Amino acid sequence: MKLIRKLKQRNTEFKKHPISKDNRKKALCRYIYFHSFSRLKKRQTYRWINGLKFYAYAGEAGIVGNIWYGLFEFEESIFVLHFLRKDDLFLDIGANVGHYSLLASGVKRANSIAIEPVPATFEKLKTHISLNKLQKSITPVRCGVGQQNATLYFSTDKSTMNRIVAKDYNNKVEVPITTIDTLCDAKKVCLMKIDVEGYEKFALDGAKNVLKNNGLKAVIIEINDSVKYYNINADEIVSIFYKNGFKPYKYEPTTRKLILLDTYNSHQFNTIFIRDVDYVQKRVAGAEKVKIWNKLI
């Protein structure tokens, strides 16, 4: 009965997703196949967009959603594909196993700096870079980001939601912390994605030069209740963007329209903060279509 409820739940989700809603049988079959055979194999290899490949492991979250949805975190991922151009610099802060960096460098031929602090996850990130022969365009860096250089502890038992924890936490690893400003030439960054499980305010405090750079046109950032873990209010994060000339937007991939929001997007994973919306709108409108399964977007 539990399995049936789970399949019904997934089928409902497939009906809502822009790619899987027209491919529900395919999505459901891929979902069942993965969960039926993933425990028999240490890992499975899947082909993705534009010839990209990735490994999927039993019990893993994040990138495995691409198996049955076609493209996970759809609006933000399509924004990356529509906005970036060849040789742009993309900062992927909290890269996990590489979903966004693979899209940026593997499809759009941009240069990516992929930051991932947890050693086991970082090794999977490097494996994906090698699998797709993207060593020249993706630079992986194993560290965390914050407001200053330091050494902190990260959990190792929360999969895609690993975060900074106290020293007395049982399943942890010691990780060097640096600032975003020290990771690259601030003047070259045009797009940044930040997903650091509630630590976003501190990450932005260490990115003052990058945020001031007028070449940085957009930031994709996850803002949710996880900020409360560090006694931060979400409005503190939003105010940083307003002070630097950014406003929150929602992206409509099929019409390629940017819709201004009153505040951060609490209805999905991420919010896209944009500076110079006319420039960004022109870029996304002029991008080539991307084929995902049998659909061009």
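Contact means heavy atoms within 4.5 Å. The structure is a predicted model, in which local features need pLDDT of at least 70, side-chain atom pairs count only at pLDDT 80 or more, and totals for chains, interfaces and linings use all residues. Residues are numbered from 1 along each chain as its sequence is written, and side-chain values use heavy atoms, with hydrogens and water left out.

**Exercise 1.** State which residues Leu71 touches, not counting residues up to four places away in sequence, and place Leu71 in its core.

Solution.
Step 1. The partners of Leu71 are His17, Trp48, Ile49, Asn66, Ser77, Ile78, Leu81, His99, Leu103 and Ile292.
Step 2. A nonpolar core is a set of buried Ala, Val, Leu, Ile, Met, Phe, Trp, Tyr and Cys residues joined through side-chain atoms within 4.5 Å; buried means under 20% relative accessible area (1.4 Å probe, protein chains only).
Step 3. The largest such core has 54 residues, and Leu71 is listed with Trp68, Phe79, Leu84 and Leu191 as touching the most other members.
Step 4. α4 gives the most to this core, with 6 residues.
Step 5. Another core, of 42 residues, lies apart from it and has Ile115, Val175, Met192 and Ile194 among its members.

**Exercise 2.** Describe the burial of α4 and its packing against α10.

Solution.
Step 1. Helices are DSSP runs (H or I, at least four residues) and strands likewise (E, at least two), numbered from the N terminus.
Step 2. Helix α4 spans residues 74-83, and 10 of its 10 residues are buried.
Step 3. Axes are lines fitted to C-alpha atoms, for helices over the stretch in contact, with angles from 0 to 180 degrees between N-to-C directions.
Step 4. The axes of α4 and α10 (residues 277-285) come within 7 Å and cross at roughly 85°.
Step 5. The two helices, α4 and α10, are therefore roughly perpendicular (65 to 115 degrees).
Step 6. Phe79, His82 and Phe83 of α4 meet Tyr279, Val280, Arg283 and Val284 of α10.

**Exercise 3.** Give the strand order of the open sheet of 8 strands, identify its edges, and locate α4 relative to β12.

Solution.
Step 1. Two strands pair if DSSP finds at least two bridges between them.
Step 2. The order is β5-β4-β3-β10-β11-β14-β12-β13, with mixed pairing.
Step 3. β5 (138-141) and β13 (257-260) are the edges; each has a single partner strand, so one side of each lacks a neighbour in the sheet.
Step 4. Direction ignored, neighbouring strands are turned by 25° against each other on average.
Step 5. Strands β3 (residues 89-93) and β4 (residues 111-115) run parallel, joined by 5 bridges.
Step 6. α4 lies across several strands, including β12 (247-252), to which α4 runs at about 90°.

How values were computed:
Buried < 20%, exposed > 50% of the residue type's maximum accessible area, 1.4 Å probe, protein only. Parallel < 35°, antiparallel > 145°, perpendicular 65-115°, else oblique.
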